[in-house]
Amino acid sequence: MVGEDIFTADFKTDPLWWDDVPRPRPPAPPLPSRVDVVVVGSGYAGLNCALVVTRAGRSTLVLEAAEPGYGASTRLAGFIGRFLHYSFGKLTKRFGLQRAVRMFKESGDAHWLLLELIEREQMEVGKLYRGRFTAAHSPQAYEALARNAEEINRHVPFDFAMCPRSEQHREIGTDYYHGGMILHEHGTLQPAKYHQGLLDAVARAGVGIAAMTPVTRITRQADGFAVLTERGTVQARDVVIATNGYANTQPTTPWIRRRIIPIPAYQIATEPLSAALMKQIKPGGRAVIDSKVNIYWDRPSPDDARLIFGARTGDKADDLRVMARRLRELMVEVYPQLSETRLSHVWQGMMGFSFDRLPHIGRTRDGVYYATGFCGSGLPLGTYFGQKIGHRVLDDSQAETAFWNLGFPTWPFYNGNPWFLRPVMAWHDRSDRRGRPGIARAG
Ligand SMILES: Cc1cc2nc3c(=O)[nH]c(=O)nc-3n(C[C@H](O)[C@H](O)[C@H](O)COP(=O)(O)OP(=O)(O)OC[C@H]3O[C@@H](n4cnc5c(N)ncnc54)[C@H](O)[C@@H]3O)c2cc1C
């Protein structure tokens with residue numbers, strides 16, 4: 001019996017992914033005094049931007065406050081696919097049909113671009129193309145998922161199949177859900193391996209990365225910018241901010257900080273399960289996201305040995321072990337078969353949400369570029385908008401996107417401290433429990 005002792009002897013409060021890809025501790029050589037482009041942040045968005053501009057001949061420096069990939073890009077769940085936190089109807093209402101179709105198509109482009117990049121740069125990412133099961137948390141949510149998918153399919157080809165509750169045991173070993181939607185194009189990868197693949201690609205291209213170098217201020221000058229860091233100042237013609245959910249950790253760009261809601265998210269990994277138990281809970285081997293606003297998600301590890309489970313996004317955790325216990329209770333609620341299973345890892349990362357739940361790419365009044373607000377979907381979207389912002393800096397034909405300068409909303413008096421997060425999450429929890437459809441996302 002597991003009892004109180006729910007942790008393995010080697011239990012860690014770091015991402016499972018770091019077991020295979022330990023965090024690099026690079027040396028900190030002196031900073032160059034001038035480069036063409038400074039990129040702030042070394043996640044998927046920053047590195048993809050750096051790759052594009054460097055390959056076009058610009059001298060580039062990535063400035064990172066901690067170790068390369070310290071942010072969400074080595075901590076996430078690793079789900080890939082089309083993501084937009086908008087029902088197609090709402091997107092159409094806000095932007096009109098034509099632009100909504102373009103935006104939705106681009107969410108697919110982001111997915112295919114990511115896969116192309118992985119292939120072109122010959123990255124080893126432990127990819128699994130087994131599709132995704134979007135699990136409905138209520139009968140109404142099931143109907144809403146189907147309606148949204150059919151609506152999308154009328155305008156953009158969308159590869160989905162509905163799976164009613166009576167058949168869901170083919171996909172998922174639980175009665176917790178009310179059927180769901182299978183997305184065949186979706187999958188999962190090992191996110192830290194993808195990040196390492198990017199680090200290798202930028203190193204081959206000749207990008208400089210200055211780790212442990214927090215940017216403290218950016219000031220406009222006649223011929224570009226002075227980028228002040230804790231290790232000196234770098235002059236740059238162009239500056240790109242790619243700090244997403246970590247934007248408020250440094251006082252660099254108040255304008256962006258006022259538009260990003262940093263949201264903590266948590267995951268646990270189980271000890272290795274027997275093949276029979278894994279088959280019981282995941283007969284289809286697919287990753288699962290549910291249809292709540294406060295979502296639960298899970299996936300098998302790349303070697304199919306462990307279950308990774310996430311929930312309680314937005315909650316506060318002073319002690320990650322306490323959070324691990326809470327997540328485990330939810331995991332067992334969904335999969336009672338895991339009541340005797342121990343945990344080997346718990347970890348946390350920051351998502352960067354925008355107030356309108358859309359990704360944002362643009363340029364501030366001062367002329368600083370940004371790609372941010374990926375709302376928990378930055379694996380494809382950070383890759384895509386990182387590249388797009390690189391093309392904007394180059395001012396070339398590949399820069400075009402329907403997401404350019406959408407208008408980046410904030411709230412009066414908001415300064416980057418999301419004091420409202422817990423009451424808002426509690427409100428969503430209540431609505432989720434009542435079975436309200438939540439967001440009929442297309443991913
Ligand atoms: C638990 C969790 C699960 C997730 N699951 C998924 C998923 O399955 N699929 C998906 O698509 N997305 C997922 N996401 C979201 C995804 O991880 C992010 O959207 C993506 O990694 C963002 O990449 P980025 O490059 O924009 O930022 P990040 O990778 O967060 O990098 C930002 C970097 O900026 C640095 N920085 C901040 N301020 C400064 C400064 N002043 N000076 C220098 N450096 C600075 C930070 O140290 C950090 O390293 C998840 C996120 C979390 C937390």
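A pocket is an open set of grid points with protein on both sides within 12 Å along at least five of seven lines, and its lining residues have an atom within 4 Å of a point. The model examined here is predicted.

**Exercise 1.** Describe the lining of the second largest pocket and state which helix gives the most to it.

*Solution.*
Step 1. The lining of this pocket, whose volume is about 430 Å³, consists of 17 residues. Nearest the centre lie Asn294, Tyr296, Arg312, Asp429 and Arg433.
Step 2. Two elements, helix 9 (320–334) and helix 11 (421–433), each give two or more residues to the lining. Helix 11 gives the most, namely six residues.
Step 3. Sorted by class, the lining holds eight charged, five nonpolar and four polar residues.

**Exercise 2.** Characterise the surroundings of the ligand, from its nearest residues to its polar contacts and burial.

*Solution.*
Step 1. Around the ligand there are 39 residues, and those that come nearest are Glu64, Ser73, Phe79, Thr252 and Leu379.
Step 2. With a cut-off of 3.5 Å for a pair of N or O atoms, backbone contacts can be identified. Alanine 72 places a backbone N or O atom 3.0 Å from a ligand oxygen atom, and a polar backbone atom of glycine 78 is 3.1 Å from an oxygen atom of the ligand. At valine 215, a backbone N or O atom lies 3.0 Å from a nitrogen atom of the ligand.
Step 3. The ligand taken alone exposes 1,000 Å², of which the protein buries 98%.
Step 4. Helix 2 (44–55), strand 13 (260–270), strand 17 (343–354) and helix 10 (378–394) are the elements that give two or more residues to the shell.
Step 5. By class, this shell comprises 21 nonpolar, 16 polar and two charged residues.

Notes: Residues are numbered from 1 along each chain as its sequence is written. This is a predicted model: local features need pLDDT of at least 70, side-chain atom pairs count only at pLDDT 80 or more; totals for chains, interfaces and linings use all residues. Side-chain values use heavy atoms; hydrogens and water are left out. On a 1 Å grid over the protein atoms alone, a cavity is a set of points where a 1.4 Å probe fits but cannot get out, and a pocket is an open set with protein on both sides within 12 Å along at least five of seven lines; lining residues have an atom within 4 Å of a point. Grid points are joined across faces, edges and corners, and a volume is the space filled by probe spheres set on the points. Helices (H or I, at least four residues) and strands (E, at least two) are DSSP runs, numbered from the N terminus. Ala, Val, Leu, Ile, Met, Phe, Trp, Tyr, Cys and Pro count as nonpolar, Asp, Glu, Lys and Arg as charged, and the others, Gly among them, as polar. A residue is near a molecule or strand if one of its heavy atoms lies within 4 Å of it. A polar contact is a pair of N or O atoms within 3.5 Å; within protein, one must be able to donate a hydrogen and the other to accept it, and residues adjacent in sequence count only if both atoms are side-chain atoms. Accessible areas come from the Shrake-Rupley method with a 1.4 Å probe; for residues, only the protein chains shown count as cover.
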